[in-house]
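Here is a friendly note to read alongside the structure. Please keep the sequence at hand as you go through the points.

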Amino acid sequence: MQLDVFTLVPHAFAWLTEQRPLASVLGGELDLRLFNYRDFTPLRAGEVDDDPYGGGAGMVLRVDAVAAALDAVYGGRPTHRVVALTPQGRQLTQEVVEELALEERLTLLSARYEGFDERIVEHLCTDSISIGPYVLSNGDLPAMVMVDAIARRLPGALSEGSGELESFSADLEGKLEYPHYTRPAEFRGWPVPDVLLSGDHARIERWRKEHVR
Ligand SMILES: C[S@@+](CC[C@H](N)C(=O)[O-])C[C@H]1O[C@@H](n2cnc3c(N)ncnc32)[C@H](O)[C@@H]1O
């Protein structure tokens, strides 16, 4: 998958790209490209945002700056899905992640301050997505959330079997995973359920099914 992120802070993604499972698929199943709007803006002094028409606080990401960036990278309007990250968007769920992880190419647009000039969302994007009903200072954390969630669904990101039985997965019928425990078997009088220490795989399987939430 080619996953492109347009942002004002490409360097902020460095930490994420060093983390597994993302690092495991980078350069293989995942080609992650980071673009800075500033590198393409037609405006002198590298501006990419401006005061809102009608007045009010904050700056708005300009449609001409974003269009110039998309034109430069794709040689015109992209033919694949372009997602604006915005609190007004469709809510991100595991189902949406699974859907997007099937795309061969995907572009994420991040904004900051007051957000996008609405013409960006309306005319330059195919989708808009919110990572939750709260407001963050910019779209870079939402973009990282999406990159991580998508990357772990790509082939080879996770060791065999560990990606199927997860919270929200089809194998768990969209429910939440059962609890996990590790050593020590007892700590401060808090024991691990006996069944998990029994070595009886059928009983363990049953217990896990019963404890899907
Ligand atoms: C401070 S927010 C803008 C909030 C906007 N003025 C509003 O009231 O809805 C700046 C940018 O952060 C990103 N952002 C903030 N919260 C988000 C969320 N929950 N999901 C996706 N993107 C978000 C978007 O790119 C947004 O344009």
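The points below cover the ligand site, a small sheet and some backbone details.

1. A word on the model before we start. It is a predicted model, in which local features need pLDDT of at least 70 and side-chain atom pairs count only at pLDDT 80 or more, while totals for chains, interfaces and linings use all residues. Residues are numbered from 1 along each chain as its sequence is written, and side-chain values use heavy atoms, with hydrogens and water left out.

2. Let us begin with the ligand. It is surrounded by 21 residues (near means that a heavy atom of the residue lies within 4 Å), and the closest are Leu85, Gln88, Tyr134, Leu136 and Asn138. By type, this shell divides into 11 nonpolar, 8 polar and 2 charged residues (Ala, Val, Leu, Ile, Met, Phe, Trp, Tyr, Cys and Pro count as nonpolar, Asp, Glu, Lys and Arg as charged, and the others, Gly among them, as polar).

3. Which strands supply the shell? Strand S5 (81–91), S7 and strand S8 (127–130) each give at least two residues, and S5 gives the most, with 4 residues. Strands here are DSSP runs of E with at least two residues, and helices are runs of H or I with at least four, numbered from the N terminus.

4. Have a look at the polar contacts of the ligand (pairs of N or O atoms within 3.5 Å). One ligand nitrogen atom is 2.8 Å from a polar backbone atom of tyrosine 134. A polar backbone atom of threonine 86 is 3.4 Å from a nitrogen atom of the ligand, and one of glycine 139 is 3.3 Å from a ligand oxygen atom. The protein covers 86% of the 580 Å² of accessible area that the ligand has on its own (Shrake-Rupley method, 1.4 Å probe).

5. S7 also belongs to an open sheet of 3 strands, in the order S3-S4-S7 with mixed pairing; two strands pair if DSSP finds at least two bridges between them. At the edges are strand S3 (49–50) and strand S7 (115–116), each pairing on one side only. Strand S4 (residues 60–61) runs parallel to S7 and is joined to it by 2 bridges, with valine 60 partnered by glycine 115.

6. Lastly, check the loops. Most residues other than glycine have a negative phi, and most peptide bonds are trans. Alanine 45, in the loop between strand S2 (31–36) and S3, has a positive phi of about 70 degrees. The peptide bond from arginine 20 to proline 21 is cis, with omega near 10 degrees, and a cis bond also joins arginine 183 and proline 184, with omega about 0 degrees.

Key
Polar contact = N/O pair within 3.5 Å; in protein donor to acceptor, adjacent residues only side chain to side chain.
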